[in-house]
Amino acid sequence: MSQFHCSCGFAIDDPESFADHLVWVFDRNDDIGTDGHPHAEITHPNSSTHQCHCGYATTDPVDLNDHLLLVVIPPDNMGLDGARHVPIDPTTPSRWYVSRPADN
Ligand SMILES: [Zn+2]
Ligand SMILES: [Zn+2]
């Protein structure tokens, strides 16, 4: 039994690989989030702050990666492949759930 499950059938134990799956199905590679604004990391040499184009800033690179993932996930969780991708395992970190999932 894998630890992380997606509603499309994808299942894996490694959280990073699961995040990679979500990036794969949602990221349009143009750095434009679902809010229509560009999101990409702005590198600050000699700084521990990781900042996004939109103004989001954090000292934790994992938090920035989560931010970059969340901004490309549409409210209806519809992936670029036309299938819905919703984490369906309750052990999945809550931050990966979209706040307003579409009605089934
Ligand atoms: Zn951003
Ligand atoms: Zn999926």
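Biologist: Which pattern of helices and strands does the protein follow, read along the sequence?
Modeller: This is a predicted model, in which local features need pLDDT of at least 70 and side-chain atom pairs count only at pLDDT 80 or more, while totals for chains, interfaces and linings use all residues. Residues are numbered from 1 along each chain as its sequence is written, with chains lettered from A and ligands numbered from 1 in the order in which they are written. The protein has 2 helices and 5 strands, where helices (H or I, at least four residues) and strands (E, at least two) are DSSP runs numbered from the N terminus. Read along the sequence, they give β-β-α-β-β-β-α.

Biologist: In what order do the 3 strands of the open sheet stand?
Modeller: Pairing in this sheet is antiparallel, and strands count as paired if DSSP finds at least two bridges between them. Strand 3 (41–42) and strand 5 (57–58) are at the edges with a single partner strand each, so one side of each has no neighbour in the sheet. The order is 3-4-5.

Biologist: Which residue of strand 4 stands opposite Glu 41?
Modeller: Strand 3 pairs with strand 4 (residues 50–52) in the antiparallel sense, over 2 bridges. Opposite Glu 41, in strand 4, is Cys 52.

Biologist: Which helix gives the largest share of the largest nonpolar core?
Modeller: Such a core is a set of buried Ala, Val, Leu, Ile, Met, Phe, Trp, Tyr and Cys residues joined through C-beta atoms within 7 Å. The largest one has 8 residues: Phe 4, Phe 18, Leu 22, Val 25, Phe 26, Val 71, Val 72 and Ile 73. The largest share, 4 residues, comes from helix 1 (residues 15–26).

Biologist: Is Ala 19 buried, partly exposed or exposed?
Modeller: Ala 19 belongs to helix 1, and its C-alpha is 7.9 Å from that of Leu 69, 50 residues apart in sequence. A residue is buried if 20 or more other C-beta atoms, placed from the backbone, lie within 10 Å of its own, exposed if 12 or fewer, and partly exposed in between. Ala 19 has 17 C-beta neighbours inside 10 Å and therefore counts as partly exposed.

Biologist: Where is Asn 46 found, and is Asn 46 buried or exposed?
Modeller: Phi of Asn 46 is near 60 degrees, a positive value in a residue other than glycine. Asn 46 is in the loop between strand 3 and strand 4. Because Asn 46 has 4 C-beta neighbours inside 10 Å, Asn 46 counts as exposed.
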